[in-house]
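Here is a short note for a colleague who has not seen this structure before. The points start from one residue and work outward.

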Amino acid sequence: MKEWWVNLQLREQRLVAALGSVLCIFVFYQLVWQPLTNGVSKAEQKLERQQALLSWVEEETARIAQFQKAQPNSSQNTSLASIVNRTAQQQQIVIARLQPQSGGVLVWVDNINFNDLLTWLSRLSKEHGVKVINIDISQDNVSGSVAVKRLQLGR
């Protein structure tokens, strides 16, 4: 290689050196500079998205906190048995038996209109976060009426 270089004229040596410099700059740009700047721009975009998400989460958290403060009679502090009793009375449902259990209550209702039962359970779920864990119902003698043999409710 050295012999080849020495055999070149001065003008050719300068041309090869200039071409080598341009080639080195091009390789540096393609292998180092461009990936580095692309990575930085992608990181900046990701940071902007994360900051936007953070501000949205903070706004929603504040909004939820205000909503919870606006409802001082939160059902989370009320016992499940009292919620069940109160809502049953409001729906004019006569509970035959109510038995508190750890983490829930068991309810028995002798006869109730099936649609009224569904309305009551829906209200318990939506307004108070009460979930039906298990239910055992049977058809009553009256059309559209059922007997709730066992209703297990929890949070």
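**Notes on the predicted model**

1. Strand β4 contains S145. The model is a predicted one. S145 has a relative accessibility of 11%, below the 20% cut-off, and therefore counts as buried. Leaving aside residues up to four places away in sequence, S145 touches N111, I112, N113, F114, Q139 and D140.

2. Is strand β4 enclosed or open? Of its 10 residues, 8 are buried, so β4 is largely enclosed by the rest of the structure.

3. β4 pairs with two strands. With β2 (104-113), β4 runs antiparallel over 7 bridges. I112 has V146 of β4 as its bridge partner. With β3, which covers residues 131-139, the pairing is also antiparallel and spans 8 bridges. Here V132 stands opposite L153 of β4.

4. The link between β3 and β4 deserves a look. The two strands form a hairpin, and 5 residues lie between them. G144 sits in the turn and has a positive phi of about 85°.

5. Next comes the nonpolar core. The largest one holds 20 residues, and V84, V107, W120 and L153 have the most contacts inside it. At least two residues of this core come from each of α3 (80-90), β2 (104-113), α4 (114-128) and β4 (145-154). The biggest contribution is that of α3, which gives 5 residues.

6. V84 can be followed in detail. Not counting residues up to four places away in sequence, V84 touches I95, L98, V105, V107, W120, L124 and L153. Three of these partners deserve a second look in the model: V107, W120 and L153 are, like V84, listed with the most contacts inside the largest core.

7. Which residues of α3 are buried? They are L80, A81, I83, V84, T87 and A88. These residues lie on the same side of α3, because they cover an arc of only 160° around the axis. As background, an α-helix has 3.6 residues a turn, so residues three or four places apart point the same way. The buried residues of α3 pack against β1 (97-101), β2, α4 and β4. After α3 comes Q92, with a positive phi near 60°.

8. The overall layout is as follows. The protein has 4 helices and 4 strands. Along the sequence their order is α-α-α-β-β-α-β-β. The radius of gyration is 38 Å, well over the 15 Å that the globule rule gives for 155 residues, so the protein is more spread out than a compact globule. Along the principal axes, the C-alpha atoms fill a box of roughly 115 × 35 × 30 Å.

9. Some totals complete the picture. Of the 155 residues, 21% are buried. Among contacts with a separation of 6 or more, 53% are between residues 24 or more positions apart. The accessible surface is about 12000 Å², and carbon and sulfur atoms account for 55% of that area.

10. For a reader opening the model, β4 is a convenient place to begin. It pairs with β2 and with β3, and it supplies at least two residues of the largest nonpolar core. From there, α3 can be viewed next, since its buried residues pack against β4 among other elements.

Technical notes: Residues numbered from 1 in each chain as written. Predicted model: local features only at pLDDT ≥ 70, side-chain atom pairs only at ≥ 80, totals over all residues. Heavy atoms only, no water. Core = buried A, V, L, I, M, F, W, Y, C linked by side-chain atoms within 4.5 Å. Buried < 20%, exposed > 50% of the residue type's maximum accessible area, 1.4 Å probe, protein only. Contact = heavy atoms within 4.5 Å. Arc of directions from axis to C-beta. Rg over C-alpha atoms; globule rule 2.2 N^0.38 Å. Areas by Shrake-Rupley, 256 points an atom, 1.4 Å probe, with all protein chains shown as cover. Pairing = 2+ DSSP bridges.
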